[in-house]
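Got the viewer open? Load the model and follow along, one selection at a time.

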Amino acid sequence: MIETLAIRRYRGFESYRLADLARVNLIVGKNNCGKTSILEAIELLVSGGSPTVFQSLARRRSEYSTQYTTRPYGWAMDFSHVFFGHSFDRGASFDLSSDNGGRSLAVEVAALEEGGEEAQLWDSRIKQQVLPALFEQDEDAAPMYALSIDASAHGETVVLPALDSGTVIFSRLPASMRHRYSGAPVHFMTLDSFDPTSMGQMWDTALSESLEGEIVEDMKLLEPSLNSIHFLTDARSGNGILLGFVNGGRRMPIATYGDGMRRLLALRLAFVGTANGFLLVDEIDTGLHWTVMEEMWKFVIEVARKNRVQIFATTHSYDCIRGLASLIQSQTDLTDQVCIQKVDTSLKQAVCLRGEQVKVAVEQDIEVR
(Lines give C-alpha, C1' and ligand atoms only; values in the text may rest on other atoms or scores of the structure.)
Protein backbone atom coordinates (compact mmCIF):
# COMPACT_ATOMS: atom_id res chain seq x y z
CA MET A 1 0.00 0.00 0.00
CA ILE A 2 1.00 3.60 -0.43
CA GLU A 3 0.55 5.97 2.51
CA THR A 4 1.25 9.29 0.82
CA LEU A 5 1.03 10.66 -2.72
CA ALA A 6 2.81 13.76 -3.99
CA ILE A 7 1.87 15.32 -7.35
CA ARG A 8 3.85 18.10 -9.00
CA ARG A 9 2.74 19.83 -12.20
CA TYR A 10 0.50 17.00 -13.38
CA ARG A 11 -2.62 18.29 -15.18
CA GLY A 12 -4.38 20.81 -12.88
CA PHE A 13 -2.06 20.31 -9.90
CA GLU A 14 0.94 22.58 -9.59
CA SER A 15 1.82 20.96 -6.28
CA TYR A 16 -0.47 18.73 -4.25
CA ARG A 17 -0.29 15.99 -1.65
CA LEU A 18 -2.47 13.28 -0.15
CA ALA A 19 -1.42 11.84 3.22
CA ASP A 20 -2.54 9.26 5.77
CA LEU A 21 -3.99 7.01 3.07
CA ALA A 22 -5.86 3.86 4.10
CA ARG A 23 -6.83 0.52 2.59
CA VAL A 24 -9.95 2.12 1.04
CA ASN A 25 -9.80 5.81 0.08
CA LEU A 26 -12.78 7.84 -1.11
CA ILE A 27 -11.79 10.99 -3.02
CA VAL A 28 -14.35 13.79 -3.00
CA GLY A 29 -14.47 17.38 -4.16
CA LYS A 30 -16.15 19.80 -6.55
CA ASN A 31 -16.37 19.25 -10.29
CA ASN A 32 -13.09 19.81 -12.12
CA CYS A 33 -11.04 19.73 -8.90
CA GLY A 34 -8.88 16.87 -10.16
CA LYS A 35 -10.37 13.72 -8.63
CA THR A 36 -9.91 11.67 -11.80
CA SER A 37 -6.44 13.15 -12.29
CA ILE A 38 -5.46 11.74 -8.90
CA LEU A 39 -6.59 8.28 -9.98
CA GLU A 40 -4.54 8.68 -13.17
CA ALA A 41 -1.49 9.78 -11.19
CA ILE A 42 -1.68 6.68 -9.01
CA GLU A 43 -2.10 4.45 -12.07
CA LEU A 44 0.94 6.00 -13.77
CA LEU A 45 3.05 5.88 -10.62
CA VAL A 46 2.47 2.26 -9.62
CA SER A 47 2.74 1.04 -13.24
CA GLY A 48 6.15 2.70 -13.61
CA GLY A 49 5.02 4.91 -16.49
CA SER A 50 3.77 2.01 -18.57
CA PRO A 51 2.93 3.00 -22.17
CA THR A 52 -0.31 1.02 -21.98
CA VAL A 53 -1.38 3.23 -19.07
CA PHE A 54 -0.59 6.39 -21.03
CA GLN A 55 -2.61 4.93 -23.89
CA SER A 56 -5.56 4.12 -21.62
CA LEU A 57 -5.74 7.56 -20.04
CA ALA A 58 -5.41 9.17 -23.49
CA ARG A 59 -8.40 7.15 -24.70
CA ARG A 60 -10.48 8.07 -21.65
CA ARG A 61 -9.68 11.76 -22.17
CA SER A 62 -9.99 11.70 -25.98
CA GLU A 63 -6.35 12.79 -26.20
CA TYR A 64 -5.54 9.84 -28.38
CA SER A 65 -5.12 9.77 -32.14
CA THR A 66 -4.15 7.35 -34.89
CA GLN A 67 -4.25 9.94 -37.68
CA TYR A 68 -0.47 10.07 -38.09
CA THR A 69 0.18 6.35 -38.14
CA THR A 70 0.17 4.07 -41.15
CA ARG A 71 1.08 0.82 -39.44
CA PRO A 72 -0.99 -1.32 -37.07
CA TYR A 73 -0.58 -0.66 -33.35
CA GLY A 74 0.91 2.78 -33.86
CA TRP A 75 -0.75 5.54 -31.88
CA ALA A 76 -0.19 9.13 -30.91
CA MET A 77 -0.93 11.10 -27.76
CA ASP A 78 -1.12 14.84 -27.22
CA PHE A 79 1.12 15.12 -24.17
CA SER A 80 0.59 18.84 -23.72
CA HIS A 81 -2.52 18.17 -21.61
CA VAL A 82 -0.77 16.12 -18.93
CA PHE A 83 1.52 19.01 -18.00
CA PHE A 84 0.35 21.79 -15.70
CA GLY A 85 -0.91 24.70 -17.80
CA HIS A 86 -1.03 22.52 -20.95
CA SER A 87 2.54 23.64 -21.64
CA PHE A 88 4.70 21.49 -23.91
CA ASP A 89 8.11 23.04 -24.29
CA ARG A 90 11.66 22.39 -23.21
CA GLY A 91 11.74 22.10 -19.43
CA ALA A 92 8.08 21.13 -19.00
CA SER A 93 7.80 18.27 -16.52
CA PHE A 94 5.68 16.47 -13.99
CA ASP A 95 6.67 14.32 -11.03
CA LEU A 96 4.76 11.76 -9.00
CA SER A 97 5.99 10.06 -5.86
CA SER A 98 4.78 8.15 -2.82
CA ASP A 99 6.05 7.42 0.67
CA ASN A 100 8.98 9.85 0.60
CA GLY A 101 10.23 8.63 -2.75
CA GLY A 102 9.54 4.93 -2.23
CA ARG A 103 8.03 5.07 -5.70
CA SER A 104 8.66 7.89 -8.13
CA LEU A 105 7.99 8.81 -11.74
CA ALA A 106 9.45 11.81 -13.54
CA VAL A 107 8.43 12.90 -17.05
CA GLU A 108 10.27 15.78 -18.71
CA VAL A 109 10.54 17.50 -22.08
CA ALA A 110 14.14 18.16 -23.23
CA ALA A 111 15.81 19.24 -26.46
CA LEU A 112 15.98 16.45 -29.03
CA GLU A 113 19.78 16.41 -29.01
CA GLU A 114 19.64 15.62 -25.30
CA GLY A 115 17.70 12.44 -25.96
CA GLY A 116 20.71 10.37 -26.96
CA GLU A 117 21.10 7.86 -29.77
CA GLU A 118 17.61 6.42 -29.37
CA ALA A 119 16.03 9.81 -30.05
CA GLN A 120 18.26 10.52 -33.02
CA LEU A 121 17.44 7.18 -34.67
CA TRP A 122 13.72 7.85 -34.25
CA ASP A 123 13.89 10.85 -36.57
CA SER A 124 14.81 8.95 -39.70
CA ARG A 125 12.90 5.76 -38.83
CA ILE A 126 9.58 7.49 -38.26
CA LYS A 127 9.92 9.67 -41.33
CA GLN A 128 10.69 6.72 -43.58
CA GLN A 129 8.54 3.95 -42.15
CA VAL A 130 5.72 5.19 -39.96
CA LEU A 131 4.78 8.77 -40.86
CA PRO A 132 5.78 9.31 -44.51
CA ALA A 133 2.49 10.97 -45.42
CA LEU A 134 2.81 13.51 -42.61
CA PHE A 135 6.31 14.57 -43.56
CA GLU A 136 5.50 14.72 -47.27
CA GLN A 137 2.81 17.28 -46.45
CA ASP A 138 4.85 19.25 -43.94
CA GLU A 139 8.61 19.18 -44.19
CA ASP A 140 8.88 21.10 -40.93
CA ALA A 141 6.98 18.46 -38.95
CA ALA A 142 10.17 17.03 -37.53
CA PRO A 143 10.60 15.99 -33.92
CA MET A 144 11.98 18.87 -31.89
CA TYR A 145 11.88 17.47 -28.38
CA ALA A 146 12.73 14.36 -26.41
CA LEU A 147 10.22 13.13 -23.85
CA SER A 148 11.95 11.25 -21.03
CA ILE A 149 10.06 8.86 -18.74
CA ASP A 150 12.06 7.92 -15.66
CA ALA A 151 10.66 5.47 -13.11
CA SER A 152 12.75 4.81 -10.01
CA ALA A 153 11.76 1.15 -9.87
CA HIS A 154 13.30 0.39 -13.27
CA GLY A 155 16.66 2.11 -13.13
CA GLU A 156 16.56 3.51 -16.65
CA THR A 157 15.07 6.39 -18.59
CA VAL A 158 13.02 5.77 -21.72
CA VAL A 159 13.21 8.55 -24.33
CA LEU A 160 10.59 9.26 -26.99
CA PRO A 161 10.95 12.16 -29.45
CA ALA A 162 7.95 14.44 -29.90
CA LEU A 163 6.65 17.02 -32.33
CA ASP A 164 6.55 20.64 -31.23
CA SER A 165 2.75 20.40 -31.00
CA GLY A 166 3.13 18.00 -28.08
CA THR A 167 2.29 14.93 -30.14
CA VAL A 168 4.24 11.87 -29.03
CA ILE A 169 4.21 8.84 -31.32
CA PHE A 170 4.19 5.44 -29.63
CA SER A 171 5.40 3.08 -32.34
CA ARG A 172 8.05 0.38 -32.21
CA LEU A 173 8.66 1.06 -28.58
CA PRO A 174 11.92 -0.21 -27.10
CA ALA A 175 11.59 -3.51 -25.24
CA SER A 176 12.44 -1.78 -21.97
CA MET A 177 9.30 0.33 -22.29
CA ARG A 178 6.99 -2.28 -23.83
CA HIS A 179 7.55 -4.64 -20.92
CA ARG A 180 7.79 -2.06 -18.14
CA TYR A 181 5.79 -3.35 -15.21
CA SER A 182 6.00 -2.49 -11.55
CA GLY A 183 5.03 -5.88 -10.17
CA ALA A 184 1.99 -4.31 -8.46
CA PRO A 185 -1.12 -4.85 -10.61
CA VAL A 186 -3.37 -1.86 -11.10
CA HIS A 187 -6.83 -1.61 -12.66
CA PHE A 188 -8.66 1.62 -13.52
CA MET A 189 -12.40 0.99 -13.61
CA THR A 190 -14.75 3.22 -15.60
CA LEU A 191 -18.19 2.84 -17.11
CA ASP A 192 -16.50 0.88 -19.91
CA SER A 193 -16.28 -1.99 -17.43
CA PHE A 194 -19.98 -2.54 -18.06
CA ASP A 195 -19.13 -4.04 -21.44
CA PRO A 196 -20.12 -7.74 -21.26
CA THR A 197 -17.19 -8.74 -23.48
CA SER A 198 -14.55 -7.27 -21.17
CA MET A 199 -16.42 -8.58 -18.15
CA GLY A 200 -16.43 -12.01 -19.82
CA GLN A 201 -12.65 -11.87 -20.15
CA MET A 202 -12.34 -11.15 -16.43
CA TRP A 203 -14.77 -14.01 -15.74
CA ASP A 204 -12.51 -16.35 -17.74
CA THR A 205 -9.65 -15.35 -15.46
CA ALA A 206 -11.85 -16.01 -12.43
CA LEU A 207 -12.67 -19.48 -13.77
CA SER A 208 -9.00 -20.29 -14.34
CA GLU A 209 -8.26 -19.31 -10.72
CA SER A 210 -11.33 -21.15 -9.32
CA LEU A 211 -12.84 -17.93 -7.98
CA GLU A 212 -16.35 -18.25 -9.39
CA GLY A 213 -17.86 -19.61 -6.16
CA GLU A 214 -16.33 -16.79 -4.13
CA ILE A 215 -17.68 -14.20 -6.57
CA VAL A 216 -21.19 -15.65 -6.42
CA GLU A 217 -21.11 -15.46 -2.61
CA ASP A 218 -20.11 -11.81 -2.75
CA MET A 219 -22.85 -11.03 -5.28
CA LYS A 220 -25.51 -12.30 -2.89
CA LEU A 221 -25.33 -8.82 -1.38
CA LEU A 222 -27.91 -7.64 -3.93
CA GLU A 223 -29.69 -10.95 -4.52
CA PRO A 224 -29.53 -13.44 -1.60
CA SER A 225 -31.09 -16.24 -3.66
CA LEU A 226 -28.33 -16.08 -6.30
CA ASN A 227 -26.78 -19.48 -6.93
CA SER A 228 -24.66 -19.15 -10.09
CA ILE A 229 -23.39 -16.78 -12.79
CA HIS A 230 -22.99 -17.72 -16.45
CA PHE A 231 -21.44 -15.86 -19.38
CA LEU A 232 -22.68 -16.82 -22.85
CA THR A 233 -20.04 -17.13 -25.57
CA ASP A 234 -21.77 -14.38 -27.56
CA ALA A 235 -22.01 -11.85 -24.75
CA ARG A 236 -22.51 -8.68 -26.76
CA SER A 237 -25.29 -7.32 -24.59
CA GLY A 238 -26.63 -7.52 -21.07
CA ASN A 239 -28.46 -10.66 -22.10
CA GLY A 240 -25.08 -12.39 -22.45
CA ILE A 241 -24.82 -12.74 -18.66
CA LEU A 242 -27.26 -15.11 -16.97
CA LEU A 243 -28.02 -15.58 -13.28
CA GLY A 244 -29.12 -18.86 -11.69
CA PHE A 245 -31.02 -19.13 -8.41
CA VAL A 246 -31.35 -21.58 -5.53
CA ASN A 247 -34.92 -22.50 -6.47
CA GLY A 248 -33.82 -23.60 -9.93
CA GLY A 249 -35.92 -22.77 -12.94
CA ARG A 250 -35.00 -20.54 -15.83
CA ARG A 251 -31.73 -18.58 -15.66
CA MET A 252 -32.42 -14.89 -16.04
CA PRO A 253 -30.47 -12.17 -17.93
CA ILE A 254 -28.61 -9.90 -15.53
CA ALA A 255 -30.26 -6.87 -17.19
CA THR A 256 -33.55 -8.06 -15.67
CA TYR A 257 -32.25 -7.04 -12.25
CA GLY A 258 -31.25 -3.53 -13.26
CA ASP A 259 -27.99 -1.79 -13.78
CA GLY A 260 -27.00 -2.07 -10.12
CA MET A 261 -26.49 -5.82 -10.33
CA ARG A 262 -24.30 -5.50 -13.40
CA ARG A 263 -22.36 -2.65 -11.83
CA LEU A 264 -21.64 -4.64 -8.69
CA LEU A 265 -20.57 -7.65 -10.74
CA ALA A 266 -18.22 -5.45 -12.78
CA LEU A 267 -16.83 -4.05 -9.53
CA ARG A 268 -16.30 -7.52 -8.10
CA LEU A 269 -14.65 -8.77 -11.29
CA ALA A 270 -12.30 -5.78 -11.21
CA PHE A 271 -10.68 -7.34 -8.14
CA VAL A 272 -9.67 -10.39 -10.19
CA GLY A 273 -6.00 -10.10 -11.02
CA THR A 274 -5.37 -7.15 -8.68
CA ALA A 275 -4.30 -9.08 -5.56
CA ASN A 276 -1.54 -7.17 -3.75
CA GLY A 277 -2.21 -4.27 -6.10
CA PHE A 278 -4.44 -1.28 -6.66
CA LEU A 279 -8.04 -0.78 -7.81
CA LEU A 280 -9.07 2.68 -9.02
CA VAL A 281 -12.81 3.32 -9.43
CA ASP A 282 -14.24 6.50 -10.93
CA GLU A 283 -17.74 7.27 -9.54
CA ILE A 284 -17.98 4.08 -7.48
CA ASP A 285 -21.68 4.54 -6.64
CA THR A 286 -22.93 4.86 -10.23
CA GLY A 287 -25.95 2.64 -10.87
CA LEU A 288 -26.44 1.70 -7.21
CA HIS A 289 -29.44 2.83 -5.15
CA TRP A 290 -28.75 4.79 -1.99
CA THR A 291 -30.30 2.03 0.13
CA VAL A 292 -27.45 -0.39 -0.67
CA MET A 293 -24.56 2.02 -0.08
CA GLU A 294 -23.67 0.62 3.33
CA GLU A 295 -23.70 -2.94 1.99
CA MET A 296 -21.68 -1.86 -1.04
CA TRP A 297 -18.95 -0.41 1.19
CA LYS A 298 -18.91 -3.50 3.38
CA PHE A 299 -18.49 -5.61 0.27
CA VAL A 300 -15.70 -3.39 -1.09
CA ILE A 301 -13.74 -3.28 2.18
CA GLU A 302 -14.02 -7.00 2.86
CA VAL A 303 -12.95 -8.00 -0.65
CA ALA A 304 -10.11 -5.45 -0.57
CA ARG A 305 -8.80 -6.80 2.74
CA LYS A 306 -9.08 -10.40 1.61
CA ASN A 307 -7.19 -9.73 -1.62
CA ARG A 308 -4.76 -7.19 -0.10
CA VAL A 309 -5.89 -4.53 -2.60
CA GLN A 310 -5.69 -0.79 -1.98
CA ILE A 311 -8.68 1.09 -3.37
CA PHE A 312 -9.01 4.68 -4.52
CA ALA A 313 -12.51 5.73 -5.57
CA THR A 314 -14.31 8.96 -6.41
CA THR A 315 -17.88 10.12 -5.86
CA HIS A 316 -20.12 13.21 -5.98
CA SER A 317 -22.83 11.54 -3.92
CA TYR A 318 -23.57 12.39 -0.31
CA ASP A 319 -25.54 9.14 -0.11
CA CYS A 320 -22.30 7.31 -0.89
CA ILE A 321 -20.53 9.12 1.96
CA ARG A 322 -23.45 8.58 4.32
CA GLY A 323 -23.40 4.86 3.56
CA LEU A 324 -19.71 4.72 4.45
CA ALA A 325 -20.34 6.55 7.72
CA SER A 326 -23.20 4.21 8.57
CA LEU A 327 -20.96 1.19 8.03
CA ILE A 328 -18.26 2.66 10.29
CA GLN A 329 -20.86 3.20 12.99
CA SER A 330 -22.18 -0.37 12.80
CA GLN A 331 -18.80 -2.06 12.38
CA THR A 332 -16.19 -0.22 14.41
CA ASP A 333 -13.49 -2.75 13.46
CA LEU A 334 -13.45 -1.17 9.99
CA THR A 335 -12.66 2.38 11.11
CA ASP A 336 -8.93 2.05 10.42
CA GLN A 337 -9.55 0.66 6.95
CA VAL A 338 -11.11 3.72 5.31
CA CYS A 339 -10.60 7.44 4.83
CA ILE A 340 -12.10 10.32 2.88
CA GLN A 341 -9.73 12.64 1.02
CA LYS A 342 -11.38 15.97 0.19
CA VAL A 343 -9.66 17.68 -2.74
CA ASP A 344 -9.53 21.47 -2.60
CA THR A 345 -7.15 23.09 -5.07
CA SER A 346 -6.95 26.24 -2.94
CA LEU A 347 -4.94 24.13 -0.49
CA LYS A 348 -1.65 22.29 -0.92
CA GLN A 349 -2.92 19.06 0.61
CA ALA A 350 -6.18 17.13 0.62
CA VAL A 351 -8.19 17.21 3.83
CA CYS A 352 -8.19 13.71 5.29
CA LEU A 353 -11.01 12.26 7.40
CA ARG A 354 -10.25 8.87 8.95
CA GLY A 355 -12.76 6.40 10.39
CA GLU A 356 -14.48 8.07 13.34
CA GLN A 357 -14.10 11.52 11.77
CA VAL A 358 -16.21 10.39 8.79
CA LYS A 359 -19.02 9.32 11.10
CA VAL A 360 -18.89 12.58 13.10
CA ALA A 361 -18.89 14.72 9.93
CA VAL A 362 -22.05 13.01 8.66
CA GLU A 363 -23.78 13.13 12.07
CA GLN A 364 -23.15 16.88 12.29
CA ASP A 365 -24.15 17.39 8.65
CA ILE A 366 -20.75 18.84 7.72
CA GLU A 367 -20.35 19.20 3.95
CA VAL A 368 -17.39 17.02 2.97
CA ARG A 369 -17.96 16.68 -0.76
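Start by selecting helix α9: the 15 residues should span 21 Å at 1.5 Å a residue, and the end C-alpha atoms are 21 Å apart, which agrees. The expected span of a helix is 1.5 Å times one less than its number of residues. Helices (H or I, at least four residues) and strands (E, at least two) are DSSP runs, numbered from the N terminus.

Before going on, a word on what is loaded. This is a predicted model, with residues numbered from 1 along each chain as its sequence is written. Local features need pLDDT of at least 70, side-chain atom pairs count only at pLDDT 80 or more, and totals for chains, interfaces and linings use all residues, while side-chain values use heavy atoms, with hydrogens and water left out.

**Stop 1: around α9**

Stay on α9 and show its buried residues: M293, M296, W297, F299, V300, I301, V303, A304 and N307. Buried means under 20% relative accessible area, exposed over 50%, and partly exposed in between (1.4 Å probe, protein chains only). What covers them? Among the elements doing so are β3 (24-28), α7 (212-219), α8, β16 (310-314), α10 and β17. Now step just past the end of α9 to R308, which takes a positive phi of about 55°.

**Stop 2: the cores**

Next, bring up the largest nonpolar core, which has 59 residues; I215, I229, L265, I284 and W297 touch the most other members. Helix α9 (residues 293-307) gives the most to this core, with eight residues. A second, separate core of 46 residues includes L44, F94, Y145 and V168. For the selection logic, a nonpolar core is a set of buried Ala, Val, Leu, Ile, Met, Phe, Trp, Tyr and Cys residues joined through side-chain atoms within 4.5 Å.

**Stop 3: helix α8 and L265**

Select α8, residues 258-270. Its 13 residues reach 19 Å from first C-alpha to last, close to the 18 Å expected at 1.5 Å a residue. Why call α8 largely enclosed by the rest of the structure? Because 10 of its 13 residues are buried. Those are G260, M261, R263, L264, L265, A266, L267, R268, L269 and A270.

Zoom in on L265. Leaving aside neighbours within four places in sequence, L265 is in contact (heavy atoms within 4.5 Å) with M199, I215, M219, I229, F231, I241 and I254.

**Stop 4: the two serines of β6**

Jump to strand β6 (residues 93-98), where S98 sits. S98 is buried, at a relative accessible area of 2%, and not counting residues up to four places away in sequence, S98 touches I2, T4, L45 and R103.

S93 lies in β6 too, and at 12% relative accessibility S93 counts as buried. Turn on side chains here: S93 makes a polar contact with the side chain of R8 at 3.0 Å. A polar contact is a pair of N or O atoms within 3.5 Å; within protein, one must be able to donate a hydrogen and the other to accept it, and residues adjacent in sequence count only if both atoms are side-chain atoms. Beyond four places in sequence, the contacts of S93 are R8, R9, F83, V107 and E108.

**Stop 5: D336 and its loop**

Pick D336, in the loop between α10 (318-330) and β17 (338-342). Buried or exposed? D336 is partly exposed, with a relative accessible area of 47%. D336 and R23 are 313 residues apart in sequence, yet 8.3 Å apart in space, C-alpha to C-alpha. Setting aside neighbours within four places, D336 is in contact with A22 and R354, and its side chain has a polar contact of 3.5 Å with that of Q337.

**Stop 6: cysteines**

Now C339, which counts as buried at 0% relative accessibility. The closest cysteine sulfur to its own is in C352, 4.3 Å away and too far for a bond. Searching the whole structure turns up zero disulfides (cysteine sulfur atoms paired within 2.5 Å).

**Last stop: confidence colouring**

Finally, colour by pLDDT, the predictor's confidence in each residue, from 0 to 100. The chain averages 82, and 80% of the residues score at least 70. Confidence is highest in strand β1 (residues 5-10), at a mean of 97, and lowest in helix α5 (residues 175-178), at 48. Two stretches to flag are residues 69-73, where pLDDT stays under 50, and residues 176-181, where pLDDT also stays under 50.
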